[in-house]
Amino acid sequence: MSEANQGSVRQLSHFINGQHAAGTSGQFADVLDPALGRVTARLPVANAEDVDAAVAAAKAAFPGWSETAPLKRARLMFKFKELLETYSDELAELITRDHGKLFEDAKGEVIRGIEIVEFACGIPNLLKTDFTDQSAPGIDAWNLRQPVGVAMGVTPFNFPMVVPCWMFVMAAATGNTFILKPSERTPSASIRLAELFIEAGFPKGVFNVLHGSKAVVDALMQHPDVVAVSAVASTPVAEYIYKESAKYGKRVQALGSAKNHLVVLPDANLNKTVDAIINSSYGSAGERCMATSVVVAVGSVGDELIERLAPRVRSLKMGGGMEPGLDMGPLISAAHRTKVLGYIDAGLTAGARLVVDGRGQTVAGHEEGFFLGGSLFDDVTPQMSIYREEIFGPVLSVVRVPDLASAIALVNAHELGNCVSLYTSDGGAARAFTRQIQIGMVGINLPSPVPSAWHSFGGWKRSMFGAHHAYGEEAVRFYTRYKSVIEHWPDCPP
Ligand code: NAD
């Protein structure tokens, strides 16, 4: 994005059948830069006609694309990866301007998106299947994994590049065509991704982008030509998409909200633990689904943890995301900041101890931005809403428990189960924790345990609906249908 354009309002578009499309609804939504608190782009909102056009493009592209050899698809992925590397700073800047996260953080997101593409470059090997010679006399048994058809994706505001990559990259690599409905708050990166996809040589119609919110998602989910639905959203929305898609007979995976615990045993290395908590809880202003939002202090460790955490939280540096040397940027919107402030009030009313109060902090030159300083609560109990509910902001709760068994019971009783971490120097405790914990992603002496691109990502309980996790081999399974073949040639010699 050129500096000269920063004061103007950009006109964004859908991306249908390999080109920009203005859409036919005549309706638009504003996209704001959260660090400035002002409108920076206008987004067309799709109507039924736009939905039909995108689905028709994806449907028309499917026969040719699904028959394209996996090696050819992989070669296009290699080219796409090169383009993503070439334009990585531009993509990161688009992310920062729409979302507010720090430029360095946005660059990290771009790298994680590229890692999904790198994994997809190995698609010929990933689509290899099993063969049993002489399954019975004169009979061979084998299986196929075939693409499902037109797939759609719904993505959240907080990872404008990486979550779309989990979906359209893996869907296209496995031979499907795709329609992405990105977050209406952070749409710019997905449009650039669609442009680069075409530049890499993918056929038109393989990857389409449509903007809007619930009405567009509903129209896509209900469309008879859409067969698979991937969603990443807050739990109420993920559950709605899961149930609605299932009602219409779609294959569906829907990842939801998080309330991630980080359990600290008294034998943990506290220097490293405190660093990890600060980065995981306050990075990206707490708007990561893998952010630590609850520290569970076991036994005697609570007082020292609070003593060490409090000054670090007080000294967090906030600012506009393109500036260097900062710890966090703004929240996504004024409405979301009001919601987070409401949680701080609720914590105080419920009797939690507000050790660090981040309210009222401003950033010079960004007075209209949606900033909120870091807050730290001690003496939080499982009954409080600040413990039970996802806050999605820079507010960390500390809960104290007497022993590891109580910590495991606490984490397992929470309705959400995205990720969890344990800090300890006791291997036996770590092993027991890993086996007993009812959570989808586990970190031992690591916060925010995001699986590598060749593993798979997903929570348990009400953090995920559907059987398949995102990306990695789970995505290959989600975006392909299993077919079993038994073959006999009676005249063939044994
Ligand atoms: P959101 O639920 O408000 O919106 C997510 C997407 O759903 C957007 O594209 C939005 O347009 C669409 N949407 C909103 N309401 C809808 C409705 N009623 N019907 C159909 N579609 C609807 O979430 P958000 O605020 O954009 O993102 C933050 C949330 O996403 C947090 O809860 C976070 O934990 C979650 N998240 C989860 C993961 C994960 O991997 N589990 C990853 C990132 C974010």
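What radius of gyration would a compact globule of 494 residues have, and what value does the protein have? For a chain of this length the expectation is near 23 Å, and the protein has 24 Å, which agrees. The model is predicted, and the tour below proceeds from the whole chain to individual residues.

**The whole chain**

Begin with the C-alpha trace alone. Along the principal axes, the C-alpha atoms fill a box of roughly 80 × 60 × 40 Å. Switching to a cartoon brings up 16 helices and 23 strands. Colouring by accessibility then shows that buried residues make up 57% of the 494 residues. Among contacts between residues at least 6 apart in sequence, 72% join residues at least 24 apart.

**The two domains**

Next, colour residues 3-256 + 463-483 as domain 1 and residues 260-444 as domain 2. Their C-alpha centres lie 31 Å apart. At the boundary, 22 residues of domain 1 are in contact with 25 residues of domain 2.

**The largest nonpolar core**

Select M77, F80 and W166. Of the 67 residues in the largest nonpolar core, these three touch the most other members. Helix α6, residues 162-173, is the element that gives the most to this core, contributing 11 residues. Both domain 1 and domain 2 give residues to the core, so it lies between them. As a general point, nonpolar side chains in soluble globular proteins tend to be buried together.

A second core, of 34 residues, lies apart from the largest one; V263, Y343, L372 and I408 are among its members.

Return to M77 and display its surroundings. Leaving aside neighbours within four places in sequence, M77 is in contact with V117, A120, C121, V169, A172, A173, F197 and F202.

**Aromatic rings**

Now show the side chains of Phe, Tyr and Trp. The whole structure holds 14 aromatic pairs. One of them joins W166 and F457, whose ring centres are 4.5 Å apart with 40° between the planes, a tilted arrangement. W166 belongs to helix α6, whereas F457 is in the loop between β20 (441-444) and β21 (460-461), so the pair ties together parts that are 291 residues apart in sequence.

Are the two partners buried or exposed? W166 has 8% relative accessibility and counts as buried; F457, at 3%, counts as buried too.

Select W65, F80, F168, F197, F202 and F207 together to see a cluster linked by ring pairs. Two of these residues have already appeared on the tour: F197 and F202 are among the contacts of M77.

**Charges over rings**

Two arginines merit a view along the ring normal. The charged end of R42 sits over the ring of F28, 4.0 Å from the ring centre. R192 lies over the face of Y87, at 4.9 Å from the centre of that ring.

**Backbone with positive phi**

Go next to A285, in the loop between α10 (270-282) and β14 (292-298). Its phi is near 55°, a positive value in a residue other than glycine. With a relative accessible area of 1%, A285 is buried.

S448 provides another case: its phi is about 40°, also positive, although the residue is not a glycine. S448 is found in the loop between β20 and β21, the loop that also holds F457.

**Two last stops**

Which residues does H366 touch beyond those up to four places away in sequence? They are A35, L36, G320, E323 and F371. H366 lies in the loop between β15 (353-356) and β16 (375-378), and it counts as buried at 13% relative accessibility, because the limit for buried is under 20%. A distance drawn from H366 to K339 gives 20 Å between C-alpha atoms, for residues that are 27 apart along the chain.

Finish at K247, in helix α9 (residues 235-247). K247 counts as exposed, with 58% relative accessibility. From K247 to Q222 the C-alpha separation is 9.1 Å, across 25 residues of sequence.

How values were computed:
Residues numbered from 1 in each chain as written. Predicted model: local features only at pLDDT ≥ 70, side-chain atom pairs only at ≥ 80, totals over all residues. Heavy atoms only, no water. Core = buried A, V, L, I, M, F, W, Y, C linked by side-chain atoms within 4.5 Å. Buried < 20%, exposed > 50% of the residue type's maximum accessible area, 1.4 Å probe, protein only. Helix = DSSP H or I, 4+ residues; strand = E, 2+ residues; numbered from the N terminus. Domains from an automatic or database assignment. Contact = heavy atoms within 4.5 Å. Phe/Tyr/Trp six-rings, centres within 6.5 Å; stacked < 30°, edge-to-face > 60°. Lys NZ or Arg CZ within 6 Å of the ring centre and 35° of its normal. Rg over C-alpha atoms; globule rule 2.2 N^0.38 Å.
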